[in-house]
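Welcome to this short tour. Please open the structure in your viewer and keep the selection tool at hand, and we will go from stop to stop together.

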Amino acid sequence: MRIVIAGGHGQIALRLERLLSARGEEVAGIIRKPEQGDDLRAAGAEPVLLDLESASVEEVAAHLQGADAAVFAAGAGPGSGADRKATVDRGAAVLFADAAVRAKVRRFVVVSSMGADPAHQGDGVFDAYLRAKGEADAHITRQEALDWTILRPGTLMDDAGTGLVRLEAHTGRGGVPRDDVAAVLAELVDTPATTGLTLELISGSTPVSVAVKSVAGN
């Protein structure tokens, strides 16, 4: 498979690139800064220099041509304001989905956030983030040309992954290591039977592969 990842230098994306390349997939990661390229190459991924805040649908679609799957793992990140939540967490996600449709890439996996909701109330930056993610998710779920799966992890942690998770439509609040988020994404990319599902993810007691199989087809 050829898999293109938006936000290729993110903490989850780099972990995912290592997992996918280790199992023999062809992986490309979209990055904004040339100096990030070496980290992607070290992870086994091909760096693609492209700014999703200024690129056109046609430009993004050109980099998605021939891909078997696309993963949106970009984010404005901590320390960014509400404006960039709108341009990255919503705008770039919508752009990437529209480009996938244009390039006829059906399999589309999204890293969203627990609590994402276009109707979320509040004036804080995190409130803006949850609205932006919710609006992006809503747009993606309306794309009939995409076989989409939306993953909504709980609080992200840097602890070493355990490989044990809880993956359900509604898990309740909790944390999850980024290692385990990447492991679940790697399974989801290769499990099109999860198409049409929005899944929450926290640490749990079920091995990742078993957890993904248990929700597939539901």
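Are α1 and α6 parallel or oblique to each other? Before you decide, bear in mind that this is a predicted model.

**Stop 1: two helices that cross**

Select residues 11-22 for helix α1 and residues 178-189 for helix α6. Two packed helices are described by the angle between their axes and the distance between the axes. Here the angle is about 50 degrees, and the axes are 8 Å apart. α1 and α6 are therefore oblique to each other. The crossing that α1 makes with α6 is right-handed.

Now show the side chains where the two helices meet. On the α1 side, pick Gln11, Ile12, Arg15, Leu16, Leu19 and Leu20. Their partners in α6 are Arg178, Asp179, Val181, Ala182, Ala183, Leu185 and Ala186. Sorted by class, this contact has 9 nonpolar, 1 polar and 3 charged residues.

**Stop 2: one residue of α1**

Stay on helix α1 and select Leu14, which belongs to it. Is Leu14 buried or exposed? Its relative accessibility is 14%, so Leu14 counts as buried. Look around Leu14 for the residues it touches, leaving out those up to four places away in sequence: Gly8, His9, Asp39, Leu40 and Ala43. You can also draw a C-alpha to C-alpha distance from Leu14 to Gly29: the two are 15 residues apart in sequence and 8.7 Å apart in space.

**Stop 3: the loop before α1**

Next, select Gly7 in the loop between β1 and α1. Which residues is Gly7 in contact with, once neighbours within four places in sequence are left aside? They are Ala13, Ile30, Ala73 and Ala74. For a longer line across the screen, join the C-alpha atoms of Gly7 and Thr191, which are 21 Å apart in space and 184 residues apart in sequence.

**Stop 4: a helix with a buried face**

Select residues 57-64, helix α3, and colour Val57, Val60, Ala61 and Leu64, which are buried. Look down the axis of α3: these buried residues fall within an arc of 100 degrees, so they line one face of the helix. Why might such a spacing work? An α-helix has 3.6 residues a turn, so residues three or four places apart point the same way.

What covers the buried residues of α3? The cover includes β1 (2-6), β4 (69-72) and α4. Before you leave, click on Gly66, which follows α3 and has a positive phi, near 85 degrees.

**Stop 5: another pair of helices**

Bring up α4 together with helix α5, residues 125-141. Their axes cross at roughly 10 degrees and come within 8 Å. That angle makes α4 roughly parallel to α5. As α4 passes α5, the crossing is right-handed.

Among the α4 residues in this contact are Ala82, Lys85, Arg90 and Ala97. From α5, the contact includes Val125, Tyr129, Glu135 and His139. In all, the residues of this contact divide into 10 nonpolar, 1 polar and 6 charged.

**Stop 6: a loop residue to finish**

Finally, follow the chain into the loop between α4 (82-102) and β5 (107-111), and select Lys104. What is the phi of Lys104? The angle is near 60 degrees, a positive value in a residue other than glycine. Switch on the surface here: Lys104 is exposed, because its relative accessible area is 72%.

Definitions and conventions. Residues numbered from 1 in each chain as written. Predicted model: local features only at pLDDT ≥ 70, side-chain atom pairs only at ≥ 80, totals over all residues. Heavy atoms only, no water. Axes fitted to C-alpha atoms, helices over the stretch in contact; angles between N-to-C directions. Helix = DSSP H or I, 4+ residues; strand = E, 2+ residues; numbered from the N terminus. Parallel < 35°, antiparallel > 145°, perpendicular 65-115°, else oblique. Left-handed = near helix turned anticlockwise from the far one by under 90°. Contact = heavy atoms within 4.5 Å. Nonpolar A, V, L, I, M, F, W, Y, C, P; charged D, E, K, R; others polar. Buried < 20%, exposed > 50% of the residue type's maximum accessible area, 1.4 Å probe, protein only. Arc of directions from axis to C-beta.
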